[in-house]
Amino acid sequence: MNGTPKARGIPEVRETFRMIMKRHAGDFGRFLTKNMFGAVSTFIATLSIIVFGLVIVGWIDLPPGILAKGLHETVAGIGRIAHASIGELIRFTWPAVVLVIVALVLLTRRLDGGAMWLARRAQKVKVGEVELEFTPEAAKRLAQTTEEAFDSFREKADREFRRQVAALDIRQSLEMMLRNANALKDGKPISDIASVRCTLYVEDILFEDRLYQLTEYYPWDGKSSAGRTFSKRFGIVGRSWRTETHLAEGDVRTDRESLMCDWGMTREEASRLTRQRPSYLCSVLRAPAQDGTDSPDGLPVGLFFADCDSIGAFGDAKSATALAAAIAKAAFECGLRARLKVLREELNKYSAAIKS
C-alpha cells in the first residue's frame, strides 16, 4: 500500500506501547546496565520507535514509498526511518521528548517495581569481586554472620588454650609455685589464706589488646571463670601488664568513684560485689633467658594475680609488692615461666591479632 497508512487512534497506540513496556521493561533495564554499545543502540532504536509511532498517528509526515514492500525496500526503509527519526528528534523540542518518555513510563504497571529495583541498585556497591549491600536487612545478616564467625573462632581459641594448659601442666605448675618457699606468707602458702583466689593471665590470641584468664581460680571457688578476657586498659591486671611492673596493695579503695577513676571501670562494673576485694597483688612473669637463667628483662609471658576480701591479707603495700616479686621468682624456680613461654610460642601460631 502506497502513501501514509491510515492513522490509528491514540488509545490503541497507548495500549500497544504499554504492552511492549510490560513485556520487556525488566530485560531492557538489565540490558542497559551491562552493554554500553547496546544501550546506545537501544536508546536510538527506542527514540526511532517513538517517532515511528508519531508517524502512525499522523503527527509526522515521511516521504512516500518509505514503507514499500519487499526485503530490499524494507531494509532501505528502516534506514530512511532512522535517518528521518534522528532528524525529527533534532528539530523536536527536548521538553516534549521528555514528556513523551515520562508518559510512556507512567503507562506501565512496573513503575513501583522499577523504582524499587533502582533503589536496591543504589544501595549496592561492588568492588572487584566483593559486593556490599547497605540495607537494614543486609546489616542484620552481616551482624548474624559476624557473630556466628566470632563465636566459632572464640570456641576454637578456648579449645586450644585448654589443650595447651593440659599439655603443659600449667595448673599443676601453679600449685607448685604456691608451695614454693618464696611464695609463702608468714610461713604458709598464700593460697591457705581465707577467701584468697589466684589465677594466671596471658595475652589473648584473638584480640591483641586483651588479656585472657588462663586458669580457673585456685583454690577453685566452684565457678567457671577461665576463658574470660579483659582489656589491657582495664583494672589492676591491665595496669600491671602495661607498665610491666609488680603491683600490690593491702587496702585499696573500693568505693565506686575510686574504681571508676583509678581503675577504668564502668559504673556497673564498679558496683559488682566481686570488685569489693581490698587486698591484691600482680606479679609479672617474664620468659627465662635463652640459656635458661632468670632474666629481669625477659619478655612478659603471663601475669599471676591474687586478691582477697580481707584488708592486709598480703601485708601493707610495701610488703605485698615484695611478695609479688618473690612470687615471680618462685614461678621461675618451679618452671612455670618456662612453660608459659612455650605456651606463648605455640599459641602465637594461631594469633589473629584483631584490634578491638
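The paragraphs below describe one sheet in a predicted model, with attention to strand S9 and its neighbours.

The sheet is open and has 6 strands, arranged in the order S7-S6-S5-S10-S9-S8 with antiparallel pairing. Strand S7 (229-231) and S8 stand at its edges; each has a single partner strand, so one side of each lacks a neighbour in the sheet. From one strand to the next, the twist averages 25 degrees.

Strand S9 covers residues 279-286. In the strand order, S9 sits between S10 and S8. On the S10 side, 8 bridges join S9 to strand S10 (residues 300-308), and the two run antiparallel. One of the residues in this pairing is Ser279, whose bridge partner in S10 is Cys308. On the S8 side, 3 bridges connect S9 with strand S8 (residues 247-249), again in antiparallel fashion. Here Leu247 has Cys282 of S9 as its bridge partner.

How much of S9 is covered? The strand is mostly covered, with 8 of its 8 residues buried. In a regular strand, side chains alternate between the two faces of the sheet. In S9, one side carries Ser279, Leu281, Ser283 and Leu285, and the other carries Tyr280, Cys282, Val284 and Arg286. The residues on both sides are all buried, so both faces of S9 count as covered, buried meaning under 20% relative accessible area.

A helix also belongs to this picture. Helix H8 (residues 235-243) lies across strand S5 (197-203), strand S6 (210-213), S7, S8, S9 and S10. Relative to S10, helix H8 runs at about 145 degrees.

How values were computed
Residues numbered from 1 in each chain as written. Predicted model: local features only at pLDDT ≥ 70, side-chain atom pairs only at ≥ 80, totals over all residues. Heavy atoms only, no water. Buried < 20%, exposed > 50% of the residue type's maximum accessible area, 1.4 Å probe, protein only. Helix = DSSP H or I, 4+ residues; strand = E, 2+ residues; numbered from the N terminus. Pairing = 2+ DSSP bridges. Axes fitted to C-alpha atoms, helices over the stretch in contact; angles between N-to-C directions. Contact = heavy atoms within 4.5 Å.
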